[in-house]
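Biologist: I would like to learn how to read a model of this kind, feature by feature. Can we go through one together?

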Amino acid sequence: MFSALDEKEKTIVLDAMEERKASPGEPIIKQGEEGDNLYVVESGRLSCFKLFPGKSEPTFLKHYQPGESFGELALLYNAPRAATIIADEDAVLWSLDRNTFNHIVKDAASKKREKYEQFLQQVKVLQTMDAYERQKLADAFKEETFKKGDYIIKEGEEGNIFYFISHGEAVATKTLHSGEEAKEVMHYKVGDYFGERALLKNEPRAANVVATTEEITVVSMDRHSFKRLMGPLEDLLKRNMDLYEQYKS
Ligand code: CMP
Ligand code: CMP
């Protein structure tokens, strides 16, 4: 949410933040109410519930952990709170007021979510993800471009970044017999992903990924964001990794 800010803006946001302590069972946000703050979790765990139309009981959606933020939707879209958030235990939160949010954070954050909205809808591996969680991926995206022949990933290196292709194409190549040239094992197009294996298995990069079009744009996220945001898809990603078994070095 704050990744698009420069140092000066970050300082303004930090100065505006106020500490709020919460006790177990305390509601921080109530669905349907007006909202004037967004919150960042410093410590403690909270739960998010949503009452869907036609249902009598709210559905549990997710837990919030330190480092995560919530309550941004009401500020971004001038809408009532879309869910209820309750502290599970003693928690320390930092709240940011609507005024500072509107002046400093809103434009950059909503532009970033809008920019990737269509792209994210096309990404096959994300189809099962809740629309809200999918949209949140955009907050963490870092965009990079590479030229034809550039190595985006090098086999054997340590890896901490996960990628989607948003423009252009690439191939994965892998050394199947030591001393021989790496062979092409996968072709990537827009909406495809790579670089998950090193993060899921805590092993070095198992293949090279090389740009094959004049220019390629990738959107990436670091290990921490990957774990937090792609966590719900971990089983699917692991199952897809079975494909690699046919190419063993
Ligand atoms: P806001 O609508 O301001 O208040 C409730 C918050 O719950 C919302 O912002 C989001 O930060 C968070 N939330 C988590 N999951 C969802 C979801 N699936 N739909 C809507 N809000 C969600
Ligand atoms: P990672 O090992 O992090 O970095 C190289 C990436 O290439 C890997 O994750 C996969 O996303 C991708 N890849 C494509 N084909 C293979 C393969 N046969 N074996 C391993 N990784 C592959």
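Modeller: What follows is a walk from the whole chain to the ligands, the aromatic rings and two single residues. Keep in mind that this is a predicted model.

Biologist: Where do I begin with the chain, and how many helices and strands does the chain have?

Modeller: Begin with the secondary structure, then the extent. The chain has seven helices and 16 strands. Along the principal axes, its C-alpha atoms fill a box of roughly 60 × 40 × 30 Å.

Biologist: What share of the residues is buried?

Modeller: Of the 249 residues in the chain, 42% are buried. The accessible surface amounts to about 13700 Å², and carbon and sulfur atoms account for 48% of that. For contacts, look at the separation in sequence. Taking contacts between residues at least 6 apart in sequence, 75% connect residues at least 24 apart.

Biologist: Now the ligands. Which residues are closest to ligand 1?

Modeller: Start with the shell, then turn to the polar contacts. Ligand 1 is surrounded by 15 residues, and the closest are Gly-71, Glu-72, Ala-74, Arg-81 and Ala-82. By class, this shell holds eleven nonpolar, one polar and three charged residues.

Biologist: Which polar atoms of the protein approach the oxygen atoms of ligand 1?

Modeller: There are backbone and side-chain cases. A polar backbone atom of Leu-73 is 3.4 Å from an oxygen atom of ligand 1, and a polar backbone atom of Ala-82 is 2.8 Å from an oxygen atom of ligand 1. From a side chain, a polar atom of Tyr-132 lies 3.0 Å from an oxygen atom of the ligand.

Biologist: How much of the accessible area of ligand 1 does the protein cover?

Modeller: On its own, ligand 1 has 450 Å² of accessible area, and the protein covers 96% of that. Strand 5 (59-64) and helix 2 (73-77) are the elements that give two or more residues to its shell.

Biologist: And ligand 2: which residues come nearest?

Modeller: Read ligand 2 in the same order. Of its 17 surrounding residues, Gly-195, Glu-196, Ala-198, Arg-205 and Ala-206 come nearest. The shell divides into twelve nonpolar, one polar and four charged residues.

Biologist: At what distances are the polar atoms of Arg-197, Ala-206 and Tyr-244 from the oxygen atoms of ligand 2?

Modeller: For Arg-197, a backbone N or O atom lies 3.4 Å from an oxygen atom of ligand 2. For Ala-206, a polar backbone atom is 2.8 Å from an oxygen atom of ligand 2. For Tyr-244, the atom is an N or O in the side chain, 3.3 Å from an oxygen atom of the ligand. The protein covers 99% of the 450 Å² of accessible area that ligand 2 has on its own. Two or more residues of the shell come from each of strand 12 (170-174), strand 13 (183-188) and helix 5 (196-201).

Biologist: How is a pair of aromatic rings described?

Modeller: In general, a ring pair is described by the distance of the centres and the angle of the planes. Here the count comes to ten aromatic pairs. One of them is Tyr-64 with Phe-70, a tilted pair with 5.0 Å from centre to centre and 45° between the planes. Tyr-64 and Phe-70 are both buried.

Biologist: Why is the pair of Phe-162 and Tyr-193 called tilted?

Modeller: The planes of Phe-162 and Tyr-193 stand at 40°, with the ring centres 5.8 Å apart, so this pair is tilted; the tilted class lies between the cut-offs of 30 and 60 degrees. Phe-162 is in strand 11 (residues 161-167) and Tyr-193 in strand 14 (residues 193-194), so the pair ties together parts 31 residues apart in sequence. Both residues are buried.

Biologist: Which residues form the cluster of ring pairs?

Modeller: Ring pairs link Tyr-116, Phe-141, Phe-162, Phe-164, Tyr-193 and Phe-226 into a cluster.

Biologist: Let us finish with single residues. Why does Thr-100 count as buried?

Modeller: Thr-100 has 14% relative accessibility, and buried means under 20%. Thr-100 sits in helix 3 (residues 98-122). Its side chain makes a polar contact of 2.8 Å with the side chain of Asp-97. Setting aside neighbours within four places in sequence, Thr-100 contacts Ile-12, Val-13, Ala-16 and Val-105.

Biologist: Where is Glu-180 placed?

Modeller: Glu-180 is in the loop between strand 12 and strand 13. With a relative accessible area of 43%, Glu-180 is partly exposed. Its C-alpha atom is separated by 64 Å from that of Glu-34, and the two residues are 146 residues apart along the chain.

Notes. Residues are numbered from 1 along each chain as its sequence is written. Chains are lettered from A and ligands numbered from 1 in the order in which they are written. This is a predicted model: local features need pLDDT of at least 70, side-chain atom pairs count only at pLDDT 80 or more; totals for chains, interfaces and linings use all residues. Side-chain values use heavy atoms; hydrogens and water are left out. A residue is near a molecule or strand if one of its heavy atoms lies within 4 Å of it. A polar contact is a pair of N or O atoms within 3.5 Å; within protein, one must be able to donate a hydrogen and the other to accept it, and residues adjacent in sequence count only if both atoms are side-chain atoms. Accessible areas come from the Shrake-Rupley method with a 1.4 Å probe; for residues, only the protein chains shown count as cover. Helices (H or I, at least four residues) and strands (E, at least two) are DSSP runs, numbered from the N terminus. Ala, Val, Leu, Ile, Met, Phe, Trp, Tyr, Cys and Pro count as nonpolar, Asp, Glu, Lys and Arg as charged, and the others, Gly among them, as polar. Buried means under 20% relative accessible area, exposed over 50%, partly exposed in between (1.4 Å probe, protein chains only). Contact means heavy atoms within 4.5 Å. Rings of Phe, Tyr and Trp (its six-membered ring) pair if their centres lie within 6.5 Å; planes under 30 degrees apart count as stacked, over 60 as edge-to-face and the rest as tilted.
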